[in-house]
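Welcome to this short tour. Open your viewer, keep the selection tool at hand, and follow along stop by stop.

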Amino acid sequence: MKEPVVADTLQISEADKEEQYVHAVYNEIATHFSDTRFKPWPVIERYLLALPKGSVGADIGCGNGKYLGVRTGDIFMMGTDRSESLVDICRERNYECLVSDGLDLPYRDNAFDFAISIAVIHHFSSEERRRAAIRELLRIVRPGGTVLVFVWALEQNGRRKFDESTQDVLVPWVIPVGSRNEAKAGSEGGDKVFHRYYHLFREGELASLFQQVGGNTVEEADYDRDNWFVISRKDQ
C-alpha cells in the first residue's frame, strides 16, 4: 500500500522539526536515498556547464555529491550537507565536502563565483528560515556571482499530486524489506517508513523570497521536473 502524504500538524519548534523530520531522517536513509540519485537534472547541468573556466563554487545541501562531479578539471566545487551520512558518501567518492548547517555556512563573505542549492530550502520550516537560507547563499557568493536554487512545487504535473490547500506536509520515504539499507533502518518484519518535512512552493514564491532578501537580481524563474527554480545574480 502506498504511504500517504500528510499535512504537517506537528506542535514542535522549527529547529526540532527540522532535526527530527529532516536531519535525522536523511542520516537514516542516506544509502537508500543515494542509490536513487545519480542522473543530473538538465537545467542544473546546463547551468554548471555554462560557467566560465576557473569558476569556484559551492553546492549547499549536496546530498551524495551528484552535482559535484558534473564538471571536473576546469572548475572547482566543494559541498556541504547537514547529514553526516551523506557527507561520508561524498568523501568516499573523493569530493571536497563537510557537514554544515545551511543557515550558518562556514565560508567567508564573497568567497565563491557561484552556489547551488538543490531540493534543500523546502526543508526549512518557516518563511524566515527559508529567507535566511537564501541570504546565506548570497552572502558567500561574490558580487556579480550567481545562485541557483531548486525547490519542490505545490503544482506538480508528474506522479505526485498534492492537496493545494496545504503547503506544509510530511512526505514518506519507504525502505523496502530486502534493500541494502534495511539493516540500518531496522525494518524487521516489514518496510520501514520515514517522514520528511517539506514546504511546497507555490508559483512565484521562491522568486519573491529572493526579492525580499534583496541585493540580487532574479535572471530566470521557471518550472522544471515538478520543481520551481531561480537563477539570481548578486548585485555589484
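Start by selecting Ile140: at 0% relative accessibility, Ile140 counts as buried, where buried means under 20% relative accessible area, exposed means over 50%, and partly exposed lies in between (1.4 Å probe, protein chains only). You will find Ile140 in helix H4. Helices here are DSSP runs of H or I with at least four residues, strands are runs of E with at least two, and both are numbered from the N terminus.

Before going further, a word on what is on screen: this is a predicted model, in which local features need pLDDT of at least 70, side-chain atom pairs count only at pLDDT 80 or more, and totals for chains, interfaces and linings use all residues. Residues are numbered from 1 along each chain as its sequence is written, and side-chain values use heavy atoms, with hydrogens and water left out.

**Around Ile140**

Which residues touch Ile140, leaving aside its neighbours within four places in sequence? Select Ala58, Ile60, Leu105, Tyr107, Arg108, Asn110, Ala111, Phe112 and Ala115 to see them; contact means heavy atoms within 4.5 Å. Now draw a distance from the C-alpha atom of Ile140 to that of Phe114: the two are 26 residues apart along the chain and separated by 8.5 Å.

**Zoom out**

Show the whole chain as a cartoon and look for six helices and 10 strands. The C-alpha trace spans about 55 × 40 × 30 Å along its principal axes. With 236 residues, a compact globule would have a radius of gyration near 18 Å, and the 17 Å of this chain agrees with that. That radius is taken over C-alpha atoms, and the globule rule is 2.2 Å times the number of residues to the power 0.38.

Of the 236 residues, 51% count as buried. Among contacts with a separation of 6 or more, 67% come from residues 24 or more positions apart.

Switch to a surface view. The chain exposes about 11200 Å², and carbon and sulfur atoms supply 47% of this area; the Shrake-Rupley method with a 1.4 Å probe gives accessible areas, and for residues only the protein chains shown count as cover.

**The cores**

Next, select Ile121, Ile134, Ile140, Val147, Val149, Leu206 and Phe210. In the largest nonpolar core, which has 27 residues, these touch the most other members. Strand S2 (56–60), strand S5 (112–118), H4, S6, H6 and S10 each give two or more residues to this core. Apart from it lies another core, of 21 residues, among them Ile44, Cys97, Phe114 and Ile118. A nonpolar core is a set of buried Ala, Val, Leu, Ile, Met, Phe, Trp, Tyr and Cys residues joined through side-chain atoms within 4.5 Å. In soluble globular proteins, nonpolar side chains tend to be buried together.

Pick Ile121 from the larger set: not counting residues up to four places away in sequence, Ile121 touches Arg130, Ala133, Ile134, Leu137, Val149, Val151 and Phe201.

**Helix H6**

Now select residues 205–213, which form helix H6. The buried residues of H6 are Glu205, Leu206, Ala207, Leu209, Phe210 and Val213. What do they pack against? Color helix H4 (127–140) and strands S6 (141–152), S8 (192–199), S9 (216–224) and S10 (227–234) to see their partners.

Stay with Leu206, which lies in H6 and counts as buried at 2% relative accessibility. Beyond its neighbours within four places in sequence, Leu206 is in contact with Ile134, Val149, Val151, Phe201, Trp228, Phe229 and Val230. From Leu206 to Ala58 the C-alpha distance is 20 Å, with their positions 148 residues apart in sequence.

Just after H6 comes Gly214, with a positive phi near 80°.

**A residue of H4**

Select Glu127, also found in helix H4. Is Glu127 buried or partly exposed? At 40% relative accessibility, it counts as partly exposed. Leaving aside neighbours within four places in sequence, Glu127 is in contact with Leu209 and Gln212.

**Two loops to finish**

Most residues other than glycine have a negative phi. Select Asn94, in the loop between helix H3 (84–92) and strand S4 (97–99): its phi is positive, near 65°. Asn94 counts as exposed, at 70% relative accessibility.

Last, go to the loop between S9 and S10, where Asp226 lies. Asp226 has a positive phi of about 65° although it is not a glycine, and at 12% relative accessibility Asp226 counts as buried.
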